[in-house]
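Here is a short tour of a few helices and how they fit together. Have a look at the model first, then read on.

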Amino acid sequence: MTKSSAVLFILIFSLIFKLEELRAALVLVVLLIAGGLFMFTYKSTQFNVEGFALVLGASFIGGIRWTLTQILLQKAELGLQNPIDTMFHLQPLMFLGLFPLFAIFEGLHLSTSEKIFRFQDTGLLLWVLGSLLLGGILAFGLGFSEFLLVSRTSSLTLSIAGIFKEVCTLLLAAHLLGDQISLLNWLGFALCLSGISLHVALKALHSRGDDGPKLPKGPDPSADLELLLWSSQQEEDDEEYFVTQGQQ
């Protein structure tokens, strides 16, 4: 439920960094999605302050991360519009940031595991390595698609796409695992879906407006000056040509 605040932080930082314009429709979309997701995931649970702070902090940092990523991808001077270039520069830093946490929390268990470093069954080792390789390929594809989506649209669109994925996951959990969904949850699902549909419709209208006829721009003084200088140069060249022909 706390994780539903991620889209709010992305909107706030998008407005702070001037990546989005403050519009009533945009605020309505975010409120519908965040409120709907909160209601869709709502259930009675024991409140934990530490967990609440961790998830809220993760949502806050996630908002900063994706808005800054959008700036990197859409700033032409940096030359990082290609998602592969972005991953080439960012992934090593992400690895260095995660590796100490991995070593602390999972390093000892992994180093003593009979499935990898102390393996006795070669078949089991190959199965584990194959699973890790497949997971790495899927993670690479996910990262590539995320960076590509942010470069072509915005971090807010990526967040909304992620929420749609979460909604599908929760529906599958209810269908396959038998999770109970109350009337309040279904109402939240309807609100969340309405917000996503409104966002898609607004994006479609915005892109159609960009493809429409554009008004001609006014004259460019620098272009006029270059044209004038070029005409003067041509007249001097023609005059010099006729003088040379006359002398001959």
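In this predicted model, α6 and α7 pack at an angle of about 135°, and their axes sit 7 Å apart. With angles over 145 degrees counted as roughly antiparallel and 65 to 115 as roughly perpendicular, α6 is therefore oblique to α7. Who makes the contact? On the α6 side you'll find Glu-146, Leu-149 and Val-150, and on the α7 side Ser-155, Thr-157, Leu-158 and Ala-161.

Both of these helices also turn up as partners of α3: its buried residues pack against α6 (122–152) and α7 (155–176), as well as α1 (6–16) and α4 (83–105). Which residues of α3 are buried? They are Ser-59, Gly-63, Trp-66, Thr-67, Thr-69, Gln-70 and Leu-73. An α-helix has 3.6 residues a turn, so residues three or four places apart point the same way.

Now for α3 itself. Helix α3 covers residues 49–74, which is 26 residues, and stretches 38 Å from its first C-alpha to its last, close to the expected 38 Å. At its N-terminal end, Asn-48 acts as a cap: one of its side-chain oxygens lies 3.1 Å from the backbone nitrogen of Glu-50.

The UniProt record (an unreviewed entry) lists several spans as "transmembrane region", including 52–73 and 156–177. Here is how those two look in the model:

| Span | Helix | Strand | Distance between end C-alpha atoms |
|---|---|---|---|
| Residues 52–73 | 100% | 0% | 31 Å |
| Residues 156–177 | 95% | 0% | 31 Å |

Notes
Residues are numbered from 1 along each chain as its sequence is written. This is a predicted model: local features need pLDDT of at least 70, side-chain atom pairs count only at pLDDT 80 or more; totals for chains, interfaces and linings use all residues. Side-chain values use heavy atoms; hydrogens and water are left out. Helices (H or I, at least four residues) and strands (E, at least two) are DSSP runs, numbered from the N terminus. The expected span of a helix is 1.5 Å times one less than its number of residues. Buried means under 20% relative accessible area, exposed over 50%, partly exposed in between (1.4 Å probe, protein chains only). Contact means heavy atoms within 4.5 Å. A polar contact is a pair of N or O atoms within 3.5 Å; within protein, one must be able to donate a hydrogen and the other to accept it, and residues adjacent in sequence count only if both atoms are side-chain atoms. UniProt positions are given in the numbering used here, feature names are shortened, and annotations may be inferred rather than shown by experiment. Axes are lines fitted to C-alpha atoms, for helices over the stretch in contact, and angles run from 0 to 180 degrees between N-to-C directions. Angles under 35 degrees count as roughly parallel, over 145 as roughly antiparallel, 65 to 115 as roughly perpendicular and the rest as oblique.
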